Amino acid sequence: MTTIRFFAAARAAVGLDETHTDATTLDVALSTVTATDADRWAALQERCSYLVDGVSTRDRSTPLAGVELVDVMPPFAGG
């Protein structure tokens with residue numbers, strides 16, 4: 001089972017801090033998330049970076065077999 005954690009604008013759009021999935025790819029996992037603001041969530045997915053067990057990717061076809069943690073990181077302002 002993979003834990004997906006949401007940060008900043010992603011957390012606001014989804015309405016959760018985290019969820020769990022048995023999805024086979026990142027794209028499938030993201031498509032099964034039921035967001036409180038579905039339009040905002042759909043738009044954010046295109047702009048987010050994803051940390052898959054600590055490795056940054058934007059490739060949503062990334063397999064999740066054996067992955068414990070995915071962090072959904074929307075673009076941040078400032079630094």
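Glycine 15 sits in the loop between H1 and S2 of this predicted model. With a relative accessibility of 45%, glycine 15 counts as partly exposed. A partner from elsewhere in the chain is found beside this loop residue: threonine 36 follows 21 residues apart in sequence, yet the two C-alpha atoms are 5.6 Å apart in space.

The strands offer a good frame for the rest of the description. Five of them make up an open sheet with mixed pairing, and the order across the sheet is S2-S1-S5-S3-S4. S2 and S4 are the edge strands, each pairing on one side only. On average, and with direction ignored, neighbouring strands of the sheet are turned by 25° against each other. In general terms, strands of a sheet pair through backbone hydrogen bonds, in either a parallel or an antiparallel sense.

Both senses can be followed residue by residue. S1 and S5 are joined by 4 bridges and pair in the parallel sense; arginine 5 has aspartate 71 in S5 as its bridge partner. S5 and S3 are also joined by 4 bridges, but here the strands run antiparallel. Within S5, valine 70 is the bridge partner of valine 52. S3 is further joined to S4 (residues 55–57) through 3 bridges, again with the strands running antiparallel, and leucine 51 stands opposite serine 56 in S4.

The connection between S3 and S4 deserves a closer look. These strands form a hairpin with 2 residues between them, and aspartate 53 takes a positive phi there. Aspartate 53 belongs to the loop between S3 and S4, and its phi is near 50°, a positive value in a residue other than glycine. The residue is partly exposed, with a relative accessible area of 41%. For context, most residues other than glycine have a negative phi. Alanine 8 is another residue to look at in this respect, with a positive phi near 50°. Alanine 8, however, lies in helix H1, and its relative accessible area of 36% makes it partly exposed.

Attention now turns to the interior. The largest nonpolar core comprises 20 residues, and Phe6, Trp41, Leu64, Val70 and Val72 are those with the most contacts inside it. Helices and strands both supply this core: two or more residues come from each of strand S1 (2–6), helix H1 (8–14), helix H2 (26–31), helix H3 (38–47), strand S3 (49–52) and strand S5 (69–73).

Tryptophan 41 gives a handy view of how these parts meet. Apart from its neighbours within four places in sequence, tryptophan 41 contacts Phe6, Ala10, Ala13, Val14, Leu30, Val33, Ala35 and Val72. The first residue of that list is also its aromatic partner, and the structure holds 1 aromatic pair. Phenylalanine 6 and tryptophan 41 adopt an edge-to-face arrangement, with 5.6 Å from centre to centre and 85° between the planes. Distant parts of the chain are linked in this way, as phenylalanine 6 is in strand S1 and tryptophan 41 in helix H3, 35 residues apart. Phenylalanine 6 and tryptophan 41 are both buried. The edge-to-face label follows because planes over 60 degrees apart fall in that class, and the angle here is 85°.

A final site involves threonine 25, found in the loop between strand S2 (18–21) and H2. A polar atom of the threonine 25 side chain lies 3.2 Å from the backbone nitrogen of valine 28. Leaving aside neighbours within four places in sequence, threonine 25 is also in contact with Arg60, Ser61, Thr62, Pro63 and Leu64. Leu64 appears again among the residues with the most contacts inside the largest nonpolar core.

Definitions and conventions
Residues numbered from 1 in each chain as written. Predicted model: local features only at pLDDT ≥ 70, side-chain atom pairs only at ≥ 80, totals over all residues. Heavy atoms only, no water. Core = buried A, V, L, I, M, F, W, Y, C linked by side-chain atoms within 4.5 Å. Buried < 20%, exposed > 50% of the residue type's maximum accessible area, 1.4 Å probe, protein only. Contact = heavy atoms within 4.5 Å. Polar contact = N/O pair within 3.5 Å; in protein donor to acceptor, adjacent residues only side chain to side chain. Pairing = 2+ DSSP bridges. Axes fitted to C-alpha atoms, helices over the stretch in contact; angles between N-to-C directions. Phe/Tyr/Trp six-rings, centres within 6.5 Å; stacked < 30°, edge-to-face > 60°.
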